[in-house]
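Please open the structure in your viewer and keep the selection panel at hand, because the tour moves from one selection to the next. Each stop says what to select and then what is found there.

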Amino acid sequence: MDKIIYFDFEATGLNPYHIKIIEYAFVKEDKTFISSLINPGEQLEKKITEITTITNDMLKDAPTLQQKTNEIWEYIYNTSQKCGDKIYMIAHNVDGYDRFLLKRIFANDYLKLEYLKDHVVFIDSLHLAKLVLPTMRSFSMATLCKIFHIDSGNHRAYGDTIALQKVYKILIKKLGQKYGKSDTYFLENPDKVYDVLY
């Protein structure tokens, strides 16, 4: 379980290739975490504030992403060094959103991008939900939190990440039931989750 990092970004929009990060959170099973607001260097649209409750006033004195890049890198790098193996980074819709934002943070550092390529495996809880709950119409985090009676993070990075962690563990139990494994089998073996999903 020490190989797993749950993470989430809040940003200025939905297109991961053009938006800017305004908040991040990374959480591990041992409850160590990093989280921060980020000044994107531009004004937020009203709709983003309505969704996230993050205001321009909250961001005006926040650090820039460049000032926080090393903190993010050290958190990921130290985890992989401790494990001595692959680490598994989990987000909801990671394949369509969070993975791209994470890589953009290190876009100007080829060695770091290569390190991520070699040592980080991404698991998308959205795909996991579709596998174990095939009859559902919606697989949004809000819907999953509702049916599992979990407080949603309300589009703030740390809260969303804690909600993700709880949702993931329930989905993992359901995956174990599907394949006749113990409740903890897939949590303790994220490589097996990856094999099933991909």
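Begin with the pair of helices H6 and H8, whose crossing is left-handed. Bear in mind throughout that this is a predicted model.

**Stop one: H6 against H8**

Select residues 125-132 for helix H6 and residues 157-178 for helix H8, and look along the place where their axes come within 10 Å and cross at roughly 40°. An angle of that kind makes H6 oblique to H8. To see what fills the contact, show the side chains of Ser125, Leu128, Ala129, Leu131 and Val132 on H6, together with Leu164, Tyr168, Leu171, Ile172, Lys174, Leu175 and Lys178 on H8. Coloured by class, the residues of this contact divide into 9 nonpolar, 1 polar and 2 charged.

**Stop two: H3 against H5**

Now select residues 65-83, which form helix H3, and residues 110-119, which form helix H5 and pack against H3 at an angle of about 45° with the two axes 12 Å apart. H3 is thereby oblique to H5, and the crossing of H3 and H5 is left-handed. On the H3 side, display Trp73, Ile76, Tyr77, Ser80 and Gln81, which meet Lys112, Tyr115 and Leu116 of H5. By class, the contact of H3 with H5 comprises 5 nonpolar, 2 polar and 1 charged residues.

**Stop three: lysine 112**

Stay on helix H5 and select lysine 112, which is found in that helix. Is lysine 112 buried, partly exposed or exposed? Its relative accessibility is 23%, so lysine 112 counts as partly exposed. When residues up to four places away in sequence are left out, lysine 112 touches Trp73 and Phe106. Add aspartate 109 to the selection, and you will find that lysine 112 forms a salt bridge with aspartate 109, the closest N and O atoms being 3.1 Å apart. Aspartate 109 is likewise partly exposed, with a relative accessible area of 26%. If you wish to place lysine 112 against another part of the chain, select histidine 155 as well: the two are 43 residues apart in sequence, and their C-alpha atoms are 28 Å apart in space.

**Stop four: two further salt bridges**

Side chains of opposite charge can pair when their charged atoms come close. How many salt bridges does the count come to in this model? The count comes to 8 salt bridges, and two of them are worth selecting next.

Select aspartate 85 and lysine 3, whose side chains meet in a salt bridge with an N to O distance of 3.5 Å. This pair links distant parts of the chain, with aspartate 85 in the loop between helix H3 and strand S4 (87-91) and lysine 3 in the segment before strand S1 (4-11), the two being 82 residues apart. Aspartate 85 is partly exposed at a relative accessible area of 40%, and lysine 3 also counts as partly exposed, at 28% relative accessibility.

Then move to glutamate 45 and lysine 47, where the side chains meet in a salt bridge with an N to O distance of 3.8 Å. Glutamate 45, at 46% relative accessibility, counts as partly exposed.

**Stop five: serine 36**

Select residues 33-37 to bring up strand S3, and within that strand pick out serine 36. Serine 36 has a relative accessibility of 11% and counts as buried, since the cut-off for that class is under 20% relative accessible area. Which residues are in contact with serine 36, leaving aside its neighbours within four places in sequence? They are Ile22, Glu23, Tyr24, Pro63 and Lys68, which can be shown together around the serine.

**Stop six: two positive phi angles**

End with two loop residues, beginning with lysine 31, which sits in the loop between strand S2 (21-28) and S3. Although lysine 31 is not a glycine, its phi is positive, at about 75°. With a relative accessibility of 69%, lysine 31 counts as exposed.

Finally, select asparagine 93 in the loop between S4 and helix H4 (94-105). The phi of asparagine 93 is near 70°, again a positive value in a residue other than glycine. At 31% relative accessibility, asparagine 93 counts as partly exposed.

Technical notes. Residues are numbered from 1 along each chain as its sequence is written. This is a predicted model: local features need pLDDT of at least 70, side-chain atom pairs count only at pLDDT 80 or more; totals for chains, interfaces and linings use all residues. Side-chain values use heavy atoms; hydrogens and water are left out. Axes are lines fitted to C-alpha atoms, for helices over the stretch in contact, and angles run from 0 to 180 degrees between N-to-C directions. Helices (H or I, at least four residues) and strands (E, at least two) are DSSP runs, numbered from the N terminus. Angles under 35 degrees count as roughly parallel, over 145 as roughly antiparallel, 65 to 115 as roughly perpendicular and the rest as oblique. A crossing is left-handed if the near helix is turned anticlockwise from the far one by less than a right angle, and right-handed if clockwise. Contact means heavy atoms within 4.5 Å. Ala, Val, Leu, Ile, Met, Phe, Trp, Tyr, Cys and Pro count as nonpolar, Asp, Glu, Lys and Arg as charged, and the others, Gly among them, as polar. A salt bridge is a side-chain nitrogen of Lys or Arg within 4 Å of a carboxyl oxygen of Asp or Glu. Buried means under 20% relative accessible area, exposed over 50%, partly exposed in between (1.4 Å probe, protein chains only).
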